Amino acid sequence: MDDHVTWADKGFWEPGEAVDLTAYEASGRNLFDGSFTWPTMVLKKHALEHNIATVAAFVDEHDLLLAPHGKTTMAPSLYRRQLDAGAWAITVASPSQALVARHAGVRRVLVANEILDHSALSWVASERAADPEFLHLHWVDSVEGVQVAAEASALVGVEDRPMAVLVDLGFPGGRTGCRSVEAAVELARVVDATPGVLLAGVAGYEGGLGTQAAVGDYFDRLKELASTLFTEGLVAADAIVSAGGSAFFDVLAERWSAGWPDGMTPRKVLRSGTYVSHDHGLYADTTPYNRIEGSLDPALEVWAQVLSAPEEGLGIVGMGRRDAPYDNGLPIPLTVRRNGSGSAEALDGTVEKLGDQHAFLRTDAGLRPGDLVGFGVSHPCTAFDKWRLIPVVETDYIVTELVRTYF
């Protein structure tokens, strides 16, 4: 029933028969006309379109390729928006996420992890054999990872289309990746000597490095690794070099703008993903657009109803950990509609804590039961996963599109 709105879609009030998705999108419903119950999360269309266009312009200006991290949204309709705006590929974090992207028609998929699952790798090899235009890349940081990829290629019999991998360079205390350039070069030599596996380039992730200086040094090491592999003849001139979360892509653009060996024309792939929705918290504080010209707009709002006002200055709101992210900051109150109707007023307050289904909102705004509060969120990656179907709304909250997620 993915092509219908049903009683099972949280936030939508459809207690009767299912409604065709396309018909729903064309029906002109409003978030506040009784078509929804609370809480409900929405995507603001103007912010969504602005953010996609802004980052597309950035990568064009800096000679980068964009492979936005699809784990943020797990929403094929948003992948399509990003690809239509010029994104080169979609990045994911696991084989199951790659399967979603593939079924959504994505032709280039990057898996930003080492895959050790024989079944998943055999599927990749079969897909590559069946579709010469399908590009699948995944990371390796161990001999075991190289061996499993080679075994899958041999099992499917696609030696003429070897499994493409990127050597993962990490840093001490970081997430994954070889811990030094020297170790990564040694692993690259193993890949080169292994039938059925092709070294397509290098990749890494700077998350966990808290300063511009540390991140810049790490990007320099990735450049050093790619340059060494090119000089040794282990990668092609257009080898992929990939990194980039959402906090330091300006540093990446600057560090990789020059200084490559003569004859090397790397494909520099940025993987930032949260830009598509941005937020009011974590990424509002850390976005590169706090340092460079331009801006991103927060696109996500969660609307919830005040259920109780048991003490002066305290509103208990029907929104909890099942509805909004809380791992990198609590929701941020933005506006209130008194008794759920009328125009929105700016709301000054603080969410003190979240229960499973309740938010404790401290404010002097005199909230009463039945008021509707609009919240911004912090950390989109743990917002999208709480909603199977998300309405996209105009500035007047008319619903124009529905976004289905696949977590």
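**Salt bridges, strand pairing and cavities in the predicted model**

In the predicted model examined here, Asp 385 is partly exposed, with a relative accessible area of 36%. Its salt-bridge partner is Lys 386, the closest N and O atoms of the two residues being 3.6 Å apart. Lys 386, by contrast, is classed as buried, because its relative accessible area of 19% falls under the 20% limit for that class. Elsewhere, salt bridges with shared partners connect Arg 102, Arg 107, Glu 127, Asp 131 and Glu 133 into one network. Over the whole structure, 26 salt bridges are found.

Within that network, Arg 102 and Asp 131 are joined through their side chains at an N to O distance of 2.9 Å. This pair links distant parts of the chain, since Arg 102 belongs to helix α4 (residues 95-103) whereas Asp 131 lies in the loop between α5 (118-130) and β7, 29 residues apart. Both Arg 102 and Asp 131 are buried. A further salt bridge, with closest N and O atoms 3.7 Å apart, is formed by Arg 80 and Asp 84. These two residues are four positions apart in helix α3 (residues 76-84), so that about one helical turn separates Arg 80 from Asp 84. Arg 80 is partly exposed, at a relative accessible area of 36%, while Asp 84 is exposed, at 59%.

Turning to the strands, an open sheet is formed by eight of them, with parallel pairing, in the order β4-β11-β10-β9-β8-β7-β6-β5. Its edges are occupied by β4 (65-66) and β5 (90-92), each of which pairs on one side only. Inside this order, β7 (residues 135-140) and β8 (residues 163-168) run parallel and are connected by four bridges, and His 138 has Val 165 of β8 as its bridge partner.

Strand β3 (residues 40-44) is largely enclosed by the rest of the structure, because five of its five residues are buried. Both of its faces are covered, with Thr 40, Val 42 and Lys 44 buried on one side and Met 41 and Leu 43 buried on the other. The pairing of β3 with β12 (residues 300-311) is antiparallel and extends over four bridges, with Met 41 standing opposite Val 302 of β12. To β19 (residues 389-393), β3 is joined in the parallel sense by two bridges, and here Lys 44 has Val 393 as its bridge partner.

According to an unreviewed UniProt entry, residues 299-394 are covered by the annotation "domain: D-serine dehydratase-like". In the model this span is 0% helix and 47% strand, and its end C-alpha atoms lie 11 Å apart.

Two cavities of 30 Å³ or more are found in the whole structure. The largest encloses about 70 Å³, and its lining comprises Ala 112, Trp 139, Asp 168, Leu 169, Gly 170, Phe 171, Gly 174, Arg 175, Thr 176, Gly 204, Tyr 205 and Tyr 218. Six of these lining residues are nonpolar, four polar and two charged. The second largest cavity has a volume of about 40 Å³ and is lined by Ser 246, Phe 249, Thr 274, Tyr 275, His 278, Tyr 283, Thr 287 and Leu 296. Its lining divides into four nonpolar and four polar residues, with no charged residue.

Technical notes. Residues numbered from 1 in each chain as written. Predicted model: local features only at pLDDT ≥ 70, side-chain atom pairs only at ≥ 80, totals over all residues. Heavy atoms only, no water. 1 Å grid on protein atoms, 1.4 Å probe; cavity = no way out; pocket = protein on both sides within 12 Å on 5 of 7 lines; lining within 4 Å. Points joined across faces, edges and corners; volume = space filled by probe spheres on them. Nonpolar A, V, L, I, M, F, W, Y, C, P; charged D, E, K, R; others polar. UniProt positions renumbered as here; feature names shortened; annotations may be inferred. Pairing = 2+ DSSP bridges. Buried < 20%, exposed > 50% of the residue type's maximum accessible area, 1.4 Å probe, protein only. Salt bridge = Lys/Arg side-chain N within 4 Å of Asp/Glu carboxyl O.
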